[in-house]
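The exercises below ask the reader to locate residues and elements in a model and to check them against stated cut-offs. Each task is followed by a worked solution.

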Amino acid sequence: MKIGNLDFPVPVFLAPMAGVTDTPYRILAHEMGCPLSFAEMVSALGINFRNNKTLEMLKAVPEEGPIALQLFGCQPESVARAAEYVENLGLFAIIDFNMGCPAPKVVKNGSGSALLKDLPRAEAVLKAIRKATKLPVTVKMRLGWDKDRTTAQELARMAEAAGVDAIAVHGRTREEYYSGHADWEAIAKVKQSVRIPVIANGDVRTCGDLKRIMEITGADGVMIGRGAQGNPWIFSRLSHYYRTGEELPPPTLTQRAHIVLRHLDMLIRFKGDYIGTREMRKHATWYTRGIPGGAMMRNAFNNACTREEFSAIVDEVLLHPCNMADKAGSSVYEKALLNGDLI
């Protein structure tokens, strides 16, 4: 699959997710075989006002591999200036524009999914971005505002005419948020409407899902969102399946333990001890879904404040699960037992 002048032999990409697809996670995804990561969406206004918190989100390192930087906003001139600023940083391979975020704080300002019901403004923004940057430009959208206003096909054709290089489509409307199942047939209609590449997004968690979504939509690539939370292995497994048709086994507990601590170490490296350990708590709850002792582990992680405490929890539950019954005197075990979380 090609996006502009970039070629991706295995088109399985990491979706942009606020609070998730930061530098540490993008490094992990890239190491697992993800050929392109979409960074957390960034406010065009925040860039233009040189907001310090916003500018922090524009940092990247070579270990991440190619990155698409996602912008959001609703004023053509503002978004164009931000796109030009991002290009001049020399850190990002693609400029992506968000027309799918359903969050009220984004929508109320006319950005994100709000543009699905304001096509003239959406068109003006896309034309302005295309004029402002020489980088490949992509757009991420939903099917429409609600079931009575499904504008994705019209918007896709408009994006193509504006010079956009590829389109990612989440198979839900704004009204649906993340409920139900993504409508892959509707994504197929978008694919049939344009000649530029279309990336399908929504409810891909297994190799079987990858096979079915590609068959149903005819899409050129797939974008993985919530299925990648606490699961960077999804990229190695889906990439291998895409190339060979064979499924790799799931990660072992030892492999999980290694990645949990590596992820934590990178969060500490890039964000410091205090922020890094606290941000790791949410990731840890995802990493421990569906494993023996997971509930105890999640409770313990939510009380961990240091790297040493995280390491002790990983050692007790992931590396030595057979010894859990003998750990009744440990602080980790006692905290979980008192809270009724031991399984």
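**Exercise 1. Locate Ser 113, decide whether it is buried or exposed, and list its contacts.**

Ser 113 sits in the loop that joins helix 5 (104-107) to helix 6, where helices (H or I, at least four residues) and strands (E, at least two) are DSSP runs numbered from the N terminus. This is a predicted model, in which local features need pLDDT of at least 70 and side-chain atom pairs count only at pLDDT 80 or more, while totals for chains, interfaces and linings use all residues. Residues are numbered from 1 along each chain as its sequence is written, and side-chain values use heavy atoms, with hydrogens and water left out.

The next step is accessibility: buried means under 20% relative accessible area, exposed over 50%, and partly exposed in between, with a 1.4 Å probe and protein chains only. Ser 113 has a relative accessible area of 0%, so it is buried.

The last step is the contact list, a contact being heavy atoms within 4.5 Å. When neighbours within four places in sequence are left aside, Ser 113 touches Met 99, Gly 100, Cys 101, Pro 102, Val 107, Arg 142, Trp 145 and Arg 174.

**Exercise 2. Repeat the analysis for Val 86, and state how far it lies from Leu 71 in sequence and in space.**

Val 86 belongs to helix 4 (residues 76-89). Because its relative accessible area is 0%, Val 86 is classed as buried. Beyond four places in sequence, the contacts of Val 86 are Ile 47, Leu 58, Leu 69, Leu 71, Phe 92 and Ile 95. For Leu 71, the separation from Val 86 is 15 residues in sequence and 9.5 Å in space, taken from C-alpha to C-alpha.

**Exercise 3. Which strands pair with strand 10, and in which sense?**

Begin with the definition that two strands pair if DSSP finds at least two bridges between them. Strand 9 (166-170) is joined to strand 10 by four bridges in the parallel sense, and in this pairing Val 169 stands opposite Ala 200. The connection from strand 9 to strand 10 passes through helix 8 as a right-handed β-α-β crossover, a term that applies if, with the strands pointing away from the viewer, the path from the first strand over the helix to the second runs clockwise.

Strand 11 (residues 221-224) is also parallel to strand 10, with three bridges between them, and Ala 200 faces Val 222 there. Strand 10, helix 9 (residues 207-217) and strand 11 likewise form a right-handed β-α-β unit.

The pairing can then be followed onward, since strand 3 (residues 12-14) runs parallel to strand 11 over three bridges, with Val 12 opposite Val 222.

Finally, consider the faces of these strands. In strand 10 (residues 198-201), Val 198 and Ala 200 on one side and Ile 199 and Asn 201 on the other are all buried. In strand 11, the buried residues are Gly 221 and Met 223 on one side and Val 222 and Ile 224 on the other.

**Exercise 4. Describe how helix 8 is covered, what it packs against, and how its N-terminal end is capped.**

Seven of the 10 residues in helix 8 are buried, which leaves the helix mostly covered. These buried residues are Trp 184, Ala 186, Ile 187, Ala 188, Val 190, Lys 191 and Ser 193, and they pack against helix 7, strand 9, strand 10 and helix 9. At the N-terminal end, Asp 183 acts as the cap, with a side-chain oxygen 3.2 Å from the backbone nitrogen of Glu 185.

**Exercise 5. Which two residues other than glycine have a positive phi of about 55°, and where do they lie?**

One is Arg 50, with a phi of about 55°, placed in the loop between helix 2 (44-48) and helix 3 (52-56). Because its relative accessibility is 41%, Arg 50 counts as partly exposed. The other is Tyr 177, whose phi is near 55° and whose loop lies between strand 9 and helix 8 (184-193). Tyr 177 has a relative accessible area of 31% and is therefore partly exposed.

**Exercise 6. State the confidence of the chain and name the stretch where pLDDT stays under 50.**

The pLDDT, which is the predictor's confidence in each residue from 0 to 100, averages 92 over the chain, and 93% of the residues score at least 70. Over residues 324-343 the pLDDT stays under 50, and the model has 37 contacts beyond four places in sequence for this stretch.

Note on methods
Polar contact = N/O pair within 3.5 Å; in protein donor to acceptor, adjacent residues only side chain to side chain.
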